[in-house]
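Subject: Handover of a structure and its side-chain contacts

Dear colleague,

Please find below the structure that I am handing over to you. The notes after it set out what was found.

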Amino acid sequence: MVSGATAPVTSNPPARVRYLIQGLASEETREQSLDVLCKIITSAYRPLLSDGLTERAVTQVCNAIALFQCVASHPNTRIPFIRATMPMYLYPFLNTMNNERSYECLRITSLGMIGSLAKVQDPEVIEYLLSTQIFPSCLRCMEVGKTLSRTVSTFIIYRILLSEKGLKYCFILAERYLSVSQCLGKLVENLTEDDAENLPQLLKNIIGCYLRLSENKRTRPQLSSYFPWKFLDHKYANIIRSDPKVLADLRQLVCNLRTSKSCTIHCTDEPPTSSDSPGLSIP
């Protein structure tokens, strides 16, 4: 049985991790174990700011965040976890503008934990995410992170937008809506085919975000003016061709962004092209 406020001092990191896992599994020692994890995470703040991160420190912090994710993912501990505002400890890793390997590792691990919360679609979780800096932090990660970070951060934004509160949050301020649409546009403009493993999921998340934004008829003209029409290139449609749902979402997105009131595009086996969207200026 794990007891006490701290994990035992040991030169064996795996043993320390096992000790903390045991502590998280027990209600009696969960709070103490979380306290230790918080101290491990915050120990990286100073070297994070001074560019003094070591590989060992990054590994230790990532392991601690991974244990955070276990707590955030479990239905019995998820709500107490967010009520204790534990995700706030990850802000420094989400907000760093450095995209070197060590910083990217901290960024993607932190995003993974937030993603485990967002994918549940629990109203209280969404409410929490909207009341924090998670939304703007994810937009920042979409801009400065590498492909995997961009994929996960876009997934988080998409899951938030799937909720009515999340969609309303996006539209309540013109500046916020503009930031989201421009950020998505930059993502598309900077797409490369180098990361074939993550690109399909990134495209799926981008399409999902745009589709939700396009459901607001009042702002469709503005969205159309920001939408990067290179997204309709065959090379991207071919990547998602194997997923009929995503391809259908892309076609629906094109329908929504048309300037005419009627839509004659039908879901077929052929990917959408500029000719599918008459009335729009598609470069």
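Leaving aside neighbours within four places in sequence, which residues is Met113 in contact with? They are Ile65, Phe68, Gln69, Ala72, Phe81, Pro87 and Leu90, where contact means heavy atoms within 4.5 Å.

Before the remaining findings, a note on the basis of the values. This is a predicted model, in which local features need pLDDT of at least 70 and side-chain atom pairs count only at pLDDT 80 or more, while totals for chains, interfaces and linings use all residues. Residues are numbered from 1 along each chain as its sequence is written, and side-chain values use heavy atoms, with hydrogens and water left out.

The core

Met113 also appears among the residues with the most contacts inside the largest nonpolar core, which has 85 residues. The others named there are Phe68, Phe93, Ile156, Leu191, Leu213 and Phe231. A nonpolar core is a set of buried Ala, Val, Leu, Ile, Met, Phe, Trp, Tyr and Cys residues joined through side-chain atoms within 4.5 Å. Buried stands for under 20% relative accessible area, exposed for over 50%, and partly exposed for values in between (1.4 Å probe, protein chains only).

Ser149 is buried as well, at a relative accessible area of 0%. Ser149 belongs to helix α10 (residues 147–162); helices (H or I, at least four residues) and strands (E, at least two) are DSSP runs, numbered from the N terminus. Not counting residues up to four places away in sequence, Ser149 touches Glu104, Arg107, Ile108 and Leu111.

Aromatic rings

There are eight aromatic pairs in the structure. In one of them, the ring centres of Phe227 and Phe231 are 6.2 Å apart and the planes stand at 75 degrees, so this pair is edge-to-face. Rings of Phe, Tyr and Trp (its six-membered ring) pair if their centres lie within 6.5 Å; planes under 30 degrees apart count as stacked, over 60 as edge-to-face and the rest as tilted. Both Phe227 and Phe231 are buried. Ring pairs also join these two with Tyr210, Trp229 and Tyr236 in a cluster.

Elsewhere, Arg176 lies over the face of Tyr169, 3.7 Å from the ring centre. A charge sits over a ring if NZ of Lys or CZ of Arg is within 6 Å of the ring centre and within 35 degrees of the ring normal.

Salt bridges

The structure holds seven salt bridges, each a side-chain nitrogen of Lys or Arg within 4 Å of a carboxyl oxygen of Asp or Glu. One of them joins Glu164 and Arg212 (3.3 Å, N to O). Glu164 lies in helix α11 (residues 164–171) and Arg212 in helix α13 (residues 199–214), so the bridge ties together parts that are 48 residues apart in sequence. Glu164 is exposed, at 57% relative accessibility, whereas Arg212 is buried, at 8%. Arg212 also meets Glu215 in a salt bridge (2.7 Å, N to O), and Glu164, Arg212 and Glu215 are thereby linked in a network.

Cysteines

How many disulfides does the structure hold? The number is zero, a disulfide being a pair of cysteine sulfur atoms within 2.5 Å. For Cys105, the nearest cysteine sulfur is that of Cys62, 3.3 Å away. The sulfur of Cys209 is 9.0 Å from the closest cysteine sulfur, in Cys170, which is too far for a bond.

Yours sincerely,

A colleague
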